[in-house]
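Work through the exercises below with the sequence and the 3D view open. Try each task before reading its solution.

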Amino acid sequence: MRNLEEGDFQRRDRAMHPPAFTPVYKSTYLRAPRHALLSLEQSIGDKTGPVFGQGHLNPLDNDLILNYARPGEEAIGERIVVYGHVMDEFGRPVRNTLLEVWQANAGGRYRHKRDGYLAALDPNFGGCGRCLTDDEGRYFFRTIRPGPYPFPNNGSDWRPAHIHFSLFGEAFAQRLVTQMYFEGDPLIALCPMVNGIPDPAARERLVARLDMAEMVPFDSLAYRFDIVLRGRRSTFFENRPEGL
Ligand code: FE
């Protein structure tokens, strides 16, 4: 196997992914490629930067309860903290990487012009946040638990409550994207997107655990979601590049 230069693409392991065409998930009728895939050469622009530092972030960027709220007001919903470690395949911390999250509000509605779900928008909730991992690879953000929402698939299927995650890495080509679910949610087992992931253990690793040791008394419950970039215990990434 060739050595990868920093920022290089790694080839995707397609066996870990659902087939591009997965009939129970109706959108794949339109999204699945109809021709053989082509590999593109990487350019220097794909392999370098950008580099993020603490100076690029605002103090409230990892506080979704406050970062969109009017002064003196807060987002409505079940208050939670979500934290975890970002690790490589040997459990070593991945430091100073930009982690971005986006989610629906407590009623299951996104602040997005294409979201037509009838649940109300919360004027104090934007639904986006970001932070950098620290020297131990830890991240932390505060938010409200998102609601489940319906989507048109076999009539009306439902997405379990979830938070979308992006890890930026060191170059544009390294960005990884996944979704986090909540322990005990009965909708996880019914979701055609979750069930599109072939390996049950990989599905399980997307479920954050309730962690009462880290709850904030009289304030917030805590959920722990560790992210592993590669190896046998790798987190499932929607766009997972693989090859090592
Ligand atoms: Fe979503």
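## Exercise 1: The iron site

Task: Decide whether His162 is buried or exposed.

Solution. This is a predicted model. The relative accessible area of His162 is 2%. Buried means under 20%. So His162 is buried.

Task: Decide whether His164 is buried or exposed.

Solution. Use the cut-off of 20% again. The relative accessibility of His164 is 11%, so His164 counts as buried.

Task: Find the protein donors of the iron ion and describe their spacing along the chain.

Solution. Start at the iron ion and pick out its donor atoms. Two are tyrosine oxygens: OH of Tyr110 and OH of Tyr149. The others are NE2 of His162 and NE2 of His164. These donors lie 1.9 to 2.2 Å from the iron ion. Along the chain, the spacing reads Y-x38-Y-x12-H-x1-H.

Task: Explain why the arrangement around the iron ion is called irregular.

Solution. Look at the angles. The four donor atoms subtend 89 to 161 degrees around the iron ion. Four donors count as tetrahedral if all angles lie between 85 and 135 degrees. The range around the iron ion reaches 161 degrees, and the arrangement is irregular because of these angles.

## Exercise 2: Strand pairing

Task: Work out in which sense β9 pairs with β8, parallel or antiparallel.

Solution. Locate β8 at residues 176–182 and β9 at residues 207–210. Two bridges link them, in the parallel sense. Phe182 stands opposite Ala208 in β9.

Task: Work out in which sense β9 pairs with β10.

Solution. Go on to β10, residues 221–224. Two bridges join β9 to β10, and these strands run antiparallel. Here Arg209 faces a partner in β10: Arg224 stands opposite.

## Exercise 3: The nonpolar core

Task: Name the residues that touch the most other members of the largest nonpolar core, and the strand that gives the most to it.

Solution. The largest nonpolar core has 36 residues. Leu99, Tyr139, Phe165 and Ile227 touch the most other members. Next, look at the strands. At least two residues come from each of β1, β2 (98–102), β4 (138–144), β7 (162–167), β8 and β9. Strand β8 gives the most, with four residues.

Now follow one of the core residues outward. Leaving aside neighbours within four places in sequence, Tyr139 is in contact with residues including Leu99, Phe165 and Ile227. Among its other contacts are Val82, Val86, Cys131 and Phe225.

## Exercise 4: The cysteines

Task: State how many disulfides the structure holds, then check Cys128 and Cys131.

Solution. The structure holds zero disulfides. Cys128 is in no disulfide, and its nearest cysteine sulfur, that of Cys131, is 13 Å away. A disulfide needs sulfur atoms within 2.5 Å. Cys131 is likewise in no disulfide.

Compare exposure next. Cys128 counts as partly exposed because its relative accessibility is 49%. Cys131, at 7%, counts as buried.

Now place Cys128. This residue is found in strand β3, residues 128–132. Cys128 touches Leu64, Asn67, Val101 and Trp102, not counting residues up to four places away in sequence. Arg138 is 10 residues from Cys128 along the chain, and their C-alpha atoms are separated by 19 Å.

## Exercise 5: A loop residue

Task: Locate Ala75 and decide whether it is buried or exposed.

Solution. Ala75 lies in the loop between α2 (44–47) and β1 (79–87). Its relative accessibility is 8%, so Ala75 counts as buried. Ile65 is 10 residues away along the chain, yet the C-alpha atoms of Ala75 and Ile65 are separated by 4.9 Å. Beyond four places in sequence, Ala75 touches Leu64, Ile65, Asp122, Asn124, Phe125 and Ile144.

## Exercise 6: Positive phi

Task: Find where Asn96 and Phe218 lie, and give the phi of each.

Solution. Most residues other than glycine have a negative phi. Asn96 has a positive phi, near 55 degrees. Asn96 is found in the loop between β1 and β2. With a relative accessible area of 46%, Asn96 is partly exposed.

Phe218 also has a positive phi, near 60 degrees. Phe218 lies in the loop between β9 and β10. Its relative accessibility is 90%, so Phe218 counts as exposed.

Conventions: Residues are numbered from 1 along each chain as its sequence is written. This is a predicted model: local features need pLDDT of at least 70, side-chain atom pairs count only at pLDDT 80 or more; totals for chains, interfaces and linings use all residues. Side-chain values use heavy atoms; hydrogens and water are left out. Donors are N, O and S atoms within 2.8 Å of the metal (3.2 Å for Na, K and Ca); water is not among the atoms, so sites may look incomplete. Four donors count as tetrahedral if all angles lie between 85 and 135 degrees; four count as square planar and six as octahedral if opposite donors are over 155 degrees apart and all others between 65 and 115; anything else is irregular. Buried means under 20% relative accessible area, exposed over 50%, partly exposed in between (1.4 Å probe, protein chains only). Two strands pair if DSSP finds at least two bridges between them. Contact means heavy atoms within 4.5 Å. A nonpolar core is a set of buried Ala, Val, Leu, Ile, Met, Phe, Trp, Tyr and Cys residues joined through side-chain atoms within 4.5 Å.
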